[in-house]
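Visitor: Could you take me through one part of this structure at close range? I would like to hear about the aromatic rings, and then about a few charged side chains.

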Amino acid sequence: MARVLVVDDDPDVRSLVELKLRLEGLEVVTAASGEEALAQLSVQTVDLVVLDLMMPGIDGIEVCRRIRDTAEIAHLPVIMLTARAQEKDVERGLTVGATDYVVKPFSPRELMVRVRGALRRAGVAG
Amino acid sequence: MADGWGVGQLHDQAQAGFADALAADASPLDAVILREIVAVQREYVSHGDPGTMWRLLLDAVLRTTESSYGFIGEVDLTESALPRFETRAMRWLGSDGEPVPPHPDIGLLISQVIATGEPLVLPSTVRLGDGAIESGRFGPIDGFLGLPLTSSERLVGVMGVTAPARPYRRELAAALQPLLSACASIVEAIQSTRARDRAMVALEDTAAFLTALFDSAPDGLLVVDEAGTVVRSNPAARSMLGVEPVDRHVIDFVSDRQRRAIEMRLARLVRSGDPLDEPLMIEVVRADGRAFPAETSIAPIRRGGGGHLIAMFRDVTDRIEAQRAVARAAEILDAAPDFIAWGTIDGRLHYLNRGGRRMAGLSRVEPVHERNLADLCPPWAARHLREVVLPAVAEEGTWAGESAVRGADGEEVPVSLAAFTIAGDGHRPYLAVVARDLTDRLAVEEMKDALMSNVSHELRTPLTSIIGYLELMIEGSFGPINDEQAEALDIVLRNGDRLLELINEILQLARLERDRDEPRLPVVLSEVIERVREAVAVRAADAGVELTVDVPDEVLVVAGDPHQLEMAISNLATNGVKFTPEGGRVTLRAFRQDDVAVVEVEDTGIGIPPDDLDRVFDRFFRATNARSRQIQGTGLGLAIVDAVARNHGGTVSIVSEPGRGTTVTLTLSLSGADQVVRGGG
C-alpha cells in the first residue's frame, strides 16, 4: 500500500486530504509544517508528498528543494498545493522540482486523479 | 543797485573829463568837443538808450571833423580768437538824401585800426597801398579818419569818418581824445550792462530749471531746516504724505517705532555734514495714519552756515511685496520634497531646489550650472530623457510620466516626472521639471500586492475545506444522504463556487491593474481561442449551446500577455454560453482589419436592455434581465475584459438586441513576432 506524506499548516485542509486519501485506500502520514515534514522524511519512507506551498517557517518551495537535494528521497513525487493561482507560483514550484500542482480550493476528486497519476508514473502501486 | 552802477560811474567820468578839458586852456575845437560830450552823456544818462547814444556820438564826431560819412561800431575781442566788429550807427547818405554805398575798402581800414589800436589818418583823397596802408582793391578813398575807442587799455570800439570838408589833421585825432574816452566809457558801460543782463537771465533760467526739477521729481523731496522743520516740499512728497508738510516737523511723518532712531541719525547728519552712505528704510506715516515703507536718502545741503537737509524718499511697498513674494516662492521651492529644476530646453540646469539636491545626492551649495538633467539620471532614464522627454517638451511643451533619478549612493530613485516649458529670457522658453519620489508609493503598491496575495491565500484555504468536505459528503463518503440533503448540499456547493469565482475575479482585476507594464510577448490569437473553446466546450454542451470557432488561415499575432488575453476571451465565451438559451449558438471569431486584429464573440442569447448597455463594463454591474432570470455572476467579467483591452492598448465594444443576441468586439494591435515591445507608458 502506497504511503503519502501530507504537509499543510491548516489542520482542516490536512484532515480533508488525509480523509480522501484514506478513503481511496492509501496510507497517510501528516506534518503541520515544513520542519516537521523534513523530520518525518528522515525517519520513515513515503511514496509521495502532498505539499502546501505557503507555510510559515520552511515553506513548500524550500521543503521540495531539500527533497531534491537529498539523494535517498530525491526521486519522490511531490504534488504542490498552492492557494495562489498565479503562474509565477506554479513556475517556482515546478522549478524546484515539484511533480505536479493543484490550486486551492481543489476538488478532492481532482487531487486523487493527480496523486494516482504521479504514483503510476513513479512505478508505485496505488 | 547794479542798474545804477554803469550810469553813475559814467557820469563821474564825464565830469572829470570836462574838468580836465577846461583846465587845459581849451581851444575853440576843444570847446565844441566838450559840448558834444556833455550832450551825449546827458542824453545817455537821462534815457539810457544805447541806440540813440550811438547816433548822437556819431553825429558829434561827424560835426567836429566836418565829415560827410561815418560809422561807429563795437569791437569784441574777448569771445573768440577773431575780433568781431559790429556796426552800431552809420551815416552814409549822400547830399541828395539817398544812401551812398560805403567805400568797399572801409573794412580793410577798420581792420587796420583794430590791429594797431592807433588812430589812422588819411588826410584827403588817397589811393590805398601807399606806405603803411595795405593795398586796396578799389578806387581811391576820399580821406579817412579811423579812431579806436579804448577803455582801461582795452579796445572796445572803432569810429571811422570819411569825405571831410577839409583834409584831416593828425592833431584832430588828438583833440578828439576826450570825446573818444567818453565814448569808450559809455561802450564799456553798455557792454557790462549787457553781460550782467545775460548773467541774470542765465541765473533765472537755472533757478527755473532747478525748481522744475524739484517739482517734477517722482520721488518725494523735502528740504528741512536745522530744527527739523520742513521748509520746502515737492508735489510728489505732498501726494505721498497726503498733506502739505511745510512748517511741520519732519519727524511727525516717521512711525513711532523708528522715531527715536531717525532723530538721532538726523542729528548726526547735521553735525557731520556728510550724506548718508546708503538709503534708510523708513516707515513713513501719512497724514491719514496709513503707513508705507520708504527708501529715503538724506544729504546735508551745503550753503553758507545753514544746517539744511534734503530728504528724498520713495514708496517701495510694491518692491517689498515683490521681494517677499519671491522670497516666499524660493522658500516653497526649497521646502518642497520634490525635485524641482529649471534650465535650458536642452536639459542644461540653471537651478535645482533643495529637495532635488537631496534626491540626487548633491550638496546644498554645489553649483548645477555645468550639469545636464541627464547627468542626474541612471543611464536608461538619461537616454529616455534625451530621446523622448526633451523632444516631446520641445514640440508639445509638456511631458509627464515615470522616470528615475540617480540617488546619492548610485541607487535608482523612481520618480513621476512632469516636464514643461516656462517663459524664459527673451524669446527662448525654459525647461521646468518637477519630479516626485515614487519609492514610498511603489512600496505601498508592493504592500498592496502582498496583501492581495495573502487575502487570496486566506480566503482560498477555508474554501478548500468547505468545498472539499461538501464534495465528500455529496459523494456519500460519510454515508448515504437523502434527496433533500443532496439538494441542500448542492446549493451550498454552488455558492461556494460562486464565492470562489468572485475571489478569483477580484484578484484578476487587481492583478490587471498592477501588471499594466508587464513585458509583451507575441501571442497567436488562434491558439488562445482554441484553448478557450476547449475550456468552455463542456459547459456549452451541458447548456445545449452550439460553440463554433471561426478563425482565418492567416496567423494573427498580437503583442501581449497570453494569460490575460485568454482570461478576457474566456470571460466573453462563458458569458455567451451563460446568457444563451438551449438550442442557441455562440461563435468565437477572429479576423484582420487593416493593422488591427479583431476578436468577436457573438451569441444568440437574451441580449442586454439598451438602458443597461452603457454600464455593462462597470465593476459589479449586472444587467437587469440577468438578475431577474437568476443567472449567476459577479458582474466583474466584462470589467476584466475592459481592463485587459486597456492593458493591450486595444478597445472593447458591445452591440446587443434584447431577445436576439449580443456581440462583443475586442480590437488588438497586430504585431510581428519580432516586434515584441514593452508596454505601458
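**Aromatic rings and charged side chains in chain B**

Guide: Happy to. Let us start with Trp342(B), which has a relative accessibility of 29% and therefore counts as partly exposed, since that class runs from 20% to 50%. Please keep in mind that this is a predicted model.

How many aromatic pairs are there over all chains? The count comes to 2. In one of them, the rings of Phe71(B) and Phe85(B) have centres 6.0 Å apart, and their planes meet at 85°, so this pair is edge-to-face; the cut-off for that label is an angle over 60 degrees. The pair links distant parts of the chain. Phe71(B) belongs to strand S1 of chain B, residues 67-76, while Phe85(B) belongs to strand S2, residues 84-91, and the two are 14 residues apart. Phe71(B) is buried because its relative accessibility is 4%, whereas Phe85(B), at 23%, is partly exposed.

Trp342(B) comes back in with Tyr351(B): their ring centres lie 4.4 Å apart with the planes at 20°, so this pair is stacked. Here the cut-off is an angle under 30 degrees. A pair of aromatic rings is described by the distance of the centres together with the angle of the planes, and you have now seen both values for each of these pairs.

A ring can also have a charged partner. Over the face of Phe214(B) lies Arg232(B), at 4.6 Å from the ring centre.

Now for the acidic side chains. Asp603(B) is part of strand S20 of chain B, which covers residues 596-603. Which side chain of opposite charge is nearest to Asp603(B)? That is Arg660(B), 10 Å away; Asp603(B) is buried and has no salt bridge, the cut-off for one being 4 Å. What the side chain of Asp603(B) does reach is the backbone nitrogen of Gly605(B), at 2.8 Å. Leaving aside neighbours within four places in sequence, the residues in contact with Asp603(B) are Gly576(B), Thr580(B), Arg585(B), Val586(B), Arg660(B), Gly661(B) and Thr662(B). Arg660(B) is thus named both as a contact and as the nearest side chain of opposite charge.

Glu36(B) sits in helix H2 of chain B, residues 28-47. Its relative accessible area is 11%, so Glu36(B) is buried. With neighbours within four places in sequence again left aside, Glu36(B) is in contact with Ala60(B), Arg63(B) and Thr64(B). The C-alpha atoms of Glu36(B) and Asp59(B) are separated by 9.2 Å, with their positions 23 residues apart along the chain.

Terms used: Residues numbered from 1 in each chain as written. Chains lettered and ligands numbered in written order. Predicted model: local features only at pLDDT ≥ 70, side-chain atom pairs only at ≥ 80, totals over all residues. Heavy atoms only, no water. Phe/Tyr/Trp six-rings, centres within 6.5 Å; stacked < 30°, edge-to-face > 60°. Helix = DSSP H or I, 4+ residues; strand = E, 2+ residues; numbered from the N terminus. Buried < 20%, exposed > 50% of the residue type's maximum accessible area, 1.4 Å probe, protein only. Lys NZ or Arg CZ within 6 Å of the ring centre and 35° of its normal. Lys, Arg positive; Asp, Glu negative; His and termini not counted. Polar contact = N/O pair within 3.5 Å; in protein donor to acceptor, adjacent residues only side chain to side chain. Contact = heavy atoms within 4.5 Å.
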